[in-house]
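The exercises below ask the reader to work through one model, taking each task first and then comparing the result with the solution that follows.

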Amino acid sequence: MRHINEVRISGNVGKLDFKETTKTAVLNISMACNQSRKVNDEWITDTDWFNVVVFGDTAERLNDRLSIGDTILVSGKLKTNTYEVEGEKRKSFNIMAFTVDTLMAKGDKSNIQEQGEDDGNSPF
């Protein structure tokens, strides 16, 4: 049986960290994904943060054109990182990007598509 490791997620750019090494360029994107849900008669927004890693020419191009607040669509795979802090083993997950598309630049309202609201019945 073939296993699938594929992620597709959209959200807003929170932070950009570009590094150019002797081997390749690396762009780390901190991305916020907001979800709204209704609790009683009040809408509550939850924000999940994801780390996205982009390499090579794509990293260079995105570094020149992305800004904090832009809405992006990322396709990639999950990669686990294991590290130690004060003797305690920890894990983090990165999305290793295959593609990153800009859906809407910050402040550009012309590309907004109407989306249905969550009725509050979803467990997530």
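**Exercise 1.** Is R90 buried, partly exposed or exposed, judged by its relative accessible area? Then find its salt-bridge partner and classify that residue in the same way.

*Solution.* The model is a predicted one, and the values that follow are computed from it. Step one is to take the relative accessible area of R90, which is 36%. Step two is to set that value against the cut-offs, under 20% for buried and over 50% for exposed, so that R90 is classed as partly exposed. Step three is to look for the partner, which is E88, with the closest N and O atoms 3.9 Å apart; this pair counts as a salt bridge because the nitrogen lies within 4 Å of the carboxyl oxygen. E88 is likewise partly exposed, at 45% relative accessibility.

**Exercise 2.** How many salt bridges does the model hold, and which residues form those not yet described?

*Solution.* The count comes to three. One of them joins the side chains of K19 and D17, at 3.2 Å from N to O; K19 has a relative accessible area of 45% and is partly exposed, while D17, at 29%, also counts as partly exposed. Another joins R37 and D46, whose closest N and O atoms are 2.6 Å apart. R37 is partly exposed at 30% relative accessibility, and D46 is partly exposed with a relative accessible area of 30%. As a general point, side chains of opposite charge can pair when their charged atoms come close.

**Exercise 3.** In what order do the five strands close into a barrel, and how do the pairs that involve β1 and β4 run?

*Solution.* Begin with the order around the barrel, which is β1-β2-β3-β5-β4, with mixed pairing; neighbouring strands of this sheet are turned by 45 degrees against each other on average, direction ignored. Next, follow β1 to its partners. β1 and β2 pair in the antiparallel sense over eight bridges, with D17 standing opposite N28 in β2, and these two strands form a hairpin with four residues between them. β1 also pairs with β4, again in the antiparallel sense, over six bridges, and here I9 stands opposite V74 in β4. Finally, β4 and β5 run antiparallel and are joined by 15 bridges, with L78 opposite I95 in β5.

**Exercise 4.** Which residues have the most contacts inside the largest nonpolar core, and which element gives the most to it?

*Solution.* The core has 18 residues, and those with the most contacts inside it are I9, I29, V52, V54, I72, V74 and V100. The elements that give two or more residues are β1, β2, β3, α1, β4 and β5, and β2 gives the most, with five. To see the surroundings of one member, take V54 and leave aside its neighbours within four places in sequence: V54 is then in contact with A25, V26, L27, I29, A59, L62, A97 and V100.

**Exercise 5.** Is N94 buried or exposed, and what does N94 touch?

*Solution.* N94 lies in strand β5 and has a relative accessible area of 13%, so it is buried. Not counting residues up to four places away in sequence, N94 touches N51, V53, K77, L78, K79 and N81. F93, found in β5, touches N51, K79 and T80 under that exclusion.

Key: Residues numbered from 1 in each chain as written. Predicted model: local features only at pLDDT ≥ 70, side-chain atom pairs only at ≥ 80, totals over all residues. Heavy atoms only, no water. Core = buried A, V, L, I, M, F, W, Y, C linked by side-chain atoms within 4.5 Å. Buried < 20%, exposed > 50% of the residue type's maximum accessible area, 1.4 Å probe, protein only. Contact = heavy atoms within 4.5 Å. Pairing = 2+ DSSP bridges. Axes fitted to C-alpha atoms, helices over the stretch in contact; angles between N-to-C directions.
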